[in-house]
Each structure stands twice: as C-alpha cells, then as structure tokens.
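Student: I have a protein structure open and would like to learn how to read it. Could you walk me through it?

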Amino acid sequence: MNHFEFAIIGGGVAGLCAAVFGGNKICVIERNNETGKKLLLSGSGQCNITHGGKMSDFLNNYGDNKKSHFVKPALFAFDNIAVTNFFIKQGIQIYHREDGKIFPQSMRSYDVREVLTKSIKEKIITNTTVINVTKNTQGFVIETESSAFTASKLLLATGGCSYPSTGSNGDGYKFAKSLGHTIIQPKPALAPIIIKNFRFANSAGISFRQVKIEIYRNEKRIHHGIGDVLLTHRGLSGPGILNLSRYVEPNDEIRIPIIDPKLESEIFRGKKILKNVLSDSGVPSRFVMQLLCQLEVPFDLPAAEISREIRKQLVSLSFIVEQIGNWNEAMSTAGGVAIDEVNRRTMESRIVPNLFFAGEILDIDGNCGGYNIHFALATGKLAAISATSK
Ligand SMILES: Cc1cc2nc3c(=O)[nH]c(=O)nc-3n(C[C@H](O)[C@H](O)[C@H](O)COP(=O)(O)OP(=O)(O)OC[C@H]3O[C@@H](n4cnc5c(N)ncnc54)[C@H](O)[C@@H]3O)c2cc1C
C-alpha cells in the first residue's frame, strides 16, 4: 500500500491550493480524468478568483456572524491582496473589474488551473474515486475503487453537492460522518428560485438594479438584502436572489419593492401618466407595460387616479416560492461539515486529530463575487500549512 505523509482527497480549488503549499510527501486523489472541473466552469469560464476592497467587508459575505467569525483567520492569512499577488508571481496578470470582482486578465479559468497544477503535476492521481476512509493507530486508510493508500494526515477537499457532473457529489460528507463529524443538511445555495404560478415568464430577461429583496415566512420577515434581480422563465435569479437563496424555503414569500417607498406618495400624486412615472422612477419600461396589462390598468391613466389596491400591487411585487433550483443549477452548497467541530485557525478536526477540511465541504457558502473560490484557496492553504507544520 502506498503511504503518504499528507493525502488530499479532491482536486478542486481547495485541494490543489493545499497541494501547492503542502510540501513533498503528498498526493491529490481526484475521481475525474482531470482536476478542477468546477474551477474551469467558474465565472462562466472566466473565473472570478476573489473580490477587491477591505477584508473587514469581505467577511460579511458568508451569511451570519458565526460564519464570518469562522472564515476570518483563513481569509486574513491569505487575503485578497495576497491572493492576487500569488497569481501575479505565477505569471498571471490580474483584472480588477469596476464592480469589485477580480479575474485573471486573460479571463480564462484554464490559466488559473494551470497555475495551481504546474508545480504539483506528479502528485496528482486522477481517475481514482475514493469509496471509504477509516482511521487506525497508524493514520488513515483511503480505499479507492481499485486499491488503497495510507496517510499520516488527511485533507478532505471533496467539495459539496453542487454541479455533481464536475465530480462533487457529496461523497466527502459520508467520509466525514463515518469519521465522527456532524453534517449540517446540505442544501442548494447560489441557486435560482422557482416561483409558484409565475406570472412574469413573458418578462424573462428583464432585470431590476439594486432593489430591496425581502423574505417572509409566516408573515414574518426572516431575511432581506439589496441586489440585482433577474426575471427568468420560471421565477427569479440574478446576484441579489442567488445570495439570498441559502435562506429560502418552499412557500416563503419574496417581496420586491420596485418603487422606493420614499418616492411613492410623490409618484402617485400628480397628473402625469402612470406608464411614464413608473418608467421614470427606474422600473424597466417593458416590465411596466406587462405589469399594467396584467392588472388591466390603462397605460394613459393619470397616476393619481390609481386605486389603493392597484397601487399596492404596482409598488411591491410579491412571489411565493415553489422550490429552490436543484443541484445542477446551484453554484454552491449551504450546509456541510459543522464548523464548530473544526478549528478555524488550522482547519483541523476537533474530533479526529490529523484530519483537515477545506473548501465547499465545510458548512460555509459565500456570496457571488469571488468569495467561494477565495474561501477554497485560503482554507486549502491554511490546512496544508497546519498539516505540514505539525
Ligand atoms: C457554474 C459555477 C460557477 C462558479 N463561479 C464562481 C466564481 O466565479 N467565483 C467563485 O468564487 N466561486 C464560483 N463558484 C463556486 C466555486 O467554484 C466553488 O465554491 C469551488 O470550486 C469549491 O472548491 P472545492 O475545491 O471546495 O470543491 P470542488 O471544486 O467541487 O472540488 C472537489 C473535487 O473533489 C473531487 N471528489 C469528490 N469526491 C471524490 C471522491 N470520492 N474521490 C475522489 N475525488 C473526489 C471532485 O471530483 C472535485 O474535483 C462557481 C460554481 C459553479 C458551479
């Protein structure tokens, strides 16, 4: 049986970055015939590596305070400046987009994978699916479909459940659970939302810029945010919706006020024609026409003549959630290995010594904007440094 000082299961961003910083006696075991299949798809093949701005703001992109607290040591040890410098040193020029997203200048995720693999090619074992992991007094026994390896230290970097065609099908949760870890029920995140009896299918493609999005459950507001919303054929998408999808459940109500409440009384006061005042207040004109048609309101009606009931429906859109997009649509996984069982300063298990975790397998999911790849890079690096310095 081949023995490794440090074995990494999963050749995605987290596993590859760990291997880059993981010393010599290591291996990366990957089920696919190539590494980084999900990385290649990321950012529509352009790979949004990280996000600009202050790291203190960065921390607000992982959900609640408990999550921000957990991600802090890894992200601060390999922050957005360090990540971009790492790629620059490896010969990749960096493009800072106006919206804060950071990409390789070439806009090719392939180049990012090349940087992460060029120094570790001989350590990667592809076409090898791990089927079981156990621990004995010597270390870990990693069973694959055709053989077995042993390792003194082990990193689980098998990703979550999103985009199973890229190789991440939740296997890592089975391994973590069998070694004694708690798995928070995985659920699609960064996913579009399918709406019951969606009445705006004809408006698919229309988007609202930086609108308020509120999620209600049993009439109580449970979350809210601000972001862009895109109407699809089946419901809602766009960064604002994707970021909130981690909180949404079937039958929740999503309210999107499309008119700023501060402007409402002014808009509906004058003699101006309704169609024009709505468009002037920023609602996309194609949408205004469809909305007025649906509500059977004449386009040329003066705004002040609208009934209270119609006005309510014009000002704020309300949708009932049928379901969240499935694993083939979700770009991340909410849930995973419980973070209170992992040391945030080392990424080592608090339950099994010498077992480490990195990337999407953990119960952490970031917003759109490069926060997930950055988290995978930073936790991969931290796990590798911790494992090899033990
Ligand atoms: C379409 C899409 C676009 C995205 N775009 C962006 C973006 O632009 N910016 C951003 O920050 N995030 C983006 N993300 C999210 C980001 O890509 C992931 O969060 C990140 O790749 C997770 O890295 P990981 O290494 O933890 O897991 P993964 O990349 O999923 O890697 C896990 C690896 O483990 C292997 N594996 C799993 N089980 C086994 C097993 N039993 N045996 C052997 N190998 C196994 C898998 O084959 C896989 O290669 C995107 C996601 C998707 C789906």
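Tutor: We will go from the overall picture to the sheets, a helix, the ligand and a few single residues. Keep in mind that this is a predicted model.

Student: How many helices and strands does the protein have?

Tutor: The count is 13 helices and 18 strands. The C-alpha trace spans about 80 × 40 × 35 Å along its principal axes. Of the 390 residues in the protein, 54% are buried. The accessible surface comes to about 17600 Å², and carbon and sulfur atoms hold 49% of that.

Student: What share of the contacts with a separation of 6 or more comes from residues 24 or more positions apart?

Tutor: That share is 73%.

Student: Let's turn to sheets. In what order do the strands of the three-stranded open sheet stand?

Tutor: A general idea helps with any strand: in a regular strand the side chains alternate between the two faces of the sheet. Here the order is 3-5-4, and the pairing is antiparallel. Strand 3 (50-51) and strand 4 (94-96) are at the edges with a single partner strand each, so one side of each has no neighbour in the sheet. Strand 4 pairs with strand 5 (residues 101-104) over three bridges, and I94 stands opposite P104 in strand 5.

Student: Which strands pair with strand 16?

Tutor: Strand 11 (residues 193-195) pairs with strand 16 (residues 316-324) in the antiparallel sense, over three bridges. One bridge partner to look up is Q323 in strand 16, which goes with I194. Strand 15 (residues 253-257) also pairs with strand 16 in the antiparallel sense, here over five bridges. In that pairing, P257 stands opposite S316.

Student: Now a helix. Is helix 6 mostly covered or mostly uncovered?

Tutor: When you look at a helix, remember that an α-helix has 3.6 residues a turn, so residues three or four places apart point the same way. Helix 6 (residues 109-117) is mostly covered, with seven of its nine residues buried. The buried ones are S109, D111, V112, R113, V115, L116 and T117. Their cover includes helix 1, helix 2, helix 5 (80-89), strand 5, strand 6 (124-125) and helix 13.

Student: There is a ligand too. How many residues surround the ligand, and which are the closest?

Tutor: The shell has 34 residues, and the closest are E30, S168, D171, E360 and I373. By type, the shell divides into 12 nonpolar, 17 polar and five charged residues.

Student: Which protein atoms lie at polar-contact distance from the ligand?

Tutor: Here are three to find. A polar side-chain atom of K38 is 3.3 Å from a ligand oxygen. A backbone N or O atom of G43 lies 2.9 Å from a ligand nitrogen. A polar backbone atom of N372 is 3.2 Å from an oxygen atom of the ligand. The ligand has 1000 Å² of accessible area on its own, and the protein covers 96% of it. The elements that give two or more residues to the shell are helix 1 (13-20), helix 2 (37-45), helix 7 (171-178) and helix 13 (371-388).

Student: How do I read a single residue? Is D228 buried or exposed?

Tutor: Start with the place in the chain, then check the cover and the neighbours. D228 sits in strand 13 (residues 220-231). With a relative accessible area of 19%, D228 is buried, because the cut-off is under 20%. The D228 side chain reaches the backbone nitrogen of Q210 at 2.8 Å. Beyond its neighbours within four places in sequence, D228 is in contact with residues including F208, R209, S237 and I241.

Student: Where is Q105, and what does Q105 touch?

Tutor: Q105 is in the loop between strand 5 and helix 6. At 49% relative accessibility, Q105 is partly exposed. Leaving aside its neighbours within four places in sequence, Q105 is in contact with Q93, I94 and Y95. T137 is 32 residues from Q105 along the chain, and their C-alpha atoms are separated by 48 Å.

Student: Which residues other than glycine have a positive phi to look at?

Tutor: Two to look at are M107, with phi near 55°, and N251, with phi near 80°. M107 is in the loop between strand 5 and helix 6 and is partly exposed at 21%. N251 lies in the loop between helix 8 (239-244) and strand 15, and at 51% relative accessibility N251 counts as exposed.

Notes. Residues numbered from 1 in each chain as written. Predicted model: local features only at pLDDT ≥ 70, side-chain atom pairs only at ≥ 80, totals over all residues. Heavy atoms only, no water. Pairing = 2+ DSSP bridges. Helix = DSSP H or I, 4+ residues; strand = E, 2+ residues; numbered from the N terminus. Near = heavy atom within 4 Å. Polar contact = N/O pair within 3.5 Å; in protein donor to acceptor, adjacent residues only side chain to side chain. Areas by Shrake-Rupley, 256 points an atom, 1.4 Å probe, with all protein chains shown as cover. Nonpolar A, V, L, I, M, F, W, Y, C, P; charged D, E, K, R; others polar. Buried < 20%, exposed > 50% of the residue type's maximum accessible area, 1.4 Å probe, protein only. Contact = heavy atoms within 4.5 Å.
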